[in-house]
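Me: I would like to go through this model slowly and ask, for each label, what justifies it. Could you set the values beside the definitions as we go?

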Amino acid sequence: MISIALPKGRLGSSVYARLAAIGYGCPGMEEDNRKLIFEDGEKGVRYILVKPSDVAVYVEHGAADVGIVGYDVLLETDPDVFELLDLGIGVCSICVAAPVGFEDLHQAPLRVATKYPRTAKSHYAGKNRAIEIIPLHGSIELAPIVGLSDVIVDIVETGTTLKENGLEVTERIVGSSARFIANKSSYQFKRAGIEAMLAGLEAEA
Ligand code: PRP
């Protein structure tokens, strides 16, 4: 049995579609229910649905053998896993964004709201700019509007959330897309099953 950790939410839909296209679809998984674990006994696959930012935690600890996770999460958390493939879906960028017209006058540490503190710190360390991180877990775009921060570091996909909240991209830090990852010992002991899945994903990537 191979366990695969999959992200719920927006990235989830394109990931499930890709898996279905290579014969790893799981009936019931996309239905509107609260079930978090699905099994396809015939195929020998268990699907575990988790928060996108938790996928690599399950894989690193071996609670899942493989997973599909955004590169943004890998960059932020640096898990000890094998990154086997870029699926080319869930394409987006980690960006700095600010209210339209914002100018950094460098008078005080820049207040940066983000759910990517490590990525943000390393970006500003590279520019030698002092910052204060305001850690948040969602709706990051709100922070500069209500004066909680000067700028945000967040994912931009279509740009709609920024636009609808009067923000604009001021810097693009790095691109991201969904990656197929594996637990290091699972890759050794369940290699045939994992490579079969990898081959299917490669053919569609
Ligand atoms: C992500 C991200 C932005 C939005 C960007 O949020 O944090 O808010 O998507 O997408 P867009 O450029 O297509 O508008 P998510 O939907 O994951 O929700 P969150 O606010 O709870 O983090």
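Me: How far is an oxygen atom of the ligand from a polar backbone atom of Gly159, and what makes this a polar contact?
Reply: The distance is 2.7 Å. A polar contact is a pair of N or O atoms within 3.5 Å, and within protein one atom must be able to donate a hydrogen and the other to accept it, while residues adjacent in sequence count only if both atoms are side-chain atoms. The 2.7 Å for Gly159 lies within 3.5 Å, so the pair counts as a polar contact. A polar side-chain atom of Thr158 is likewise 2.5 Å from an oxygen atom of the ligand, and a backbone N or O atom of Ser139 lies 2.9 Å from one. On its own the ligand has 500 Å² of accessible area, and the protein covers 71% of that; such areas come from the Shrake-Rupley method with a 1.4 Å probe, and for residues only the protein chains shown count as cover.

Me: What should I keep in mind about the origin of these values?
Reply: This is a predicted model, in which local features need pLDDT of at least 70 and side-chain atom pairs count only at pLDDT 80 or more, whereas totals for chains, interfaces and linings use all residues. Residues are numbered from 1 along each chain as its sequence is written, and side-chain values use heavy atoms, with hydrogens and water left out.

Me: How do you know where the ligand sits?
Reply: The ligand sits in the largest pocket. A molecule is said to sit in a pocket or cavity if more than half of its atoms lie within 2 Å of its grid points. The grid has a 1 Å spacing over the protein atoms alone; a pocket is an open set of points with protein on both sides within 12 Å along at least five of seven lines, while a cavity is a set where a 1.4 Å probe fits but cannot get out, and lining residues have an atom within 4 Å of a point. Two elements give two or more residues each to the shell around the ligand, β9 (151-156) and α6 (160-164), with β9 supplying the largest share, three residues. Helices (H or I, at least four residues) and strands (E, at least two) are DSSP runs, numbered from the N terminus.

Me: Which residues surround the ligand most closely, and what makes a residue count as near?
Reply: A residue is near if one of its heavy atoms lies within 4 Å of the molecule. There are 13 residues around the ligand, and the closest are Arg10, Lys115, Asp154, Thr158 and Thr161. By class, the shell has two nonpolar, six polar and five charged residues, where Ala, Val, Leu, Ile, Met, Phe, Trp, Tyr, Cys and Pro count as nonpolar, Asp, Glu, Lys and Arg as charged, and the others, Gly among them, as polar.

Me: Is Ser139, whose backbone we met beside the ligand, buried or exposed?
Reply: Buried means under 20% relative accessible area, exposed over 50%, and partly exposed in between (1.4 Å probe, protein chains only). Ser139 has 57%, which is over 50%, so Ser139 is exposed. Ser139 belongs to the loop between β8 (131-135) and α5 (142-145).

Me: What makes the phi of Ser139 worth a remark?
Reply: Ser139 has a positive phi of about 45 degrees, although it is not a glycine. Most residues other than glycine have a negative phi. Asp78, also not a glycine, has a positive phi of about 45 degrees as well; it lies in the loop between α3 (71-77) and β5 (82-86).

Me: Why is Ser93 called buried?
Reply: The relative accessibility of Ser93 is 13%, below the 20% limit, and therefore Ser93 counts as buried. Ser93 lies in strand β6 (residues 92-99), and its side chain makes a polar contact of 3.0 Å with the side chain of Arg172.

Me: Why does Ser186 count as buried?
Reply: Its relative accessible area is 7%, which is under the limit, so Ser186 is buried. Ser186 is in helix α7 (residues 184-189), and a polar contact of 2.7 Å joins its side chain to that of Asp65.

Me: Why is Ile37 called partly exposed?
Reply: Ile37 has 42% relative accessibility, which falls between the two limits, so it counts as partly exposed. Ile37 is found in strand β2 (residues 37-40).
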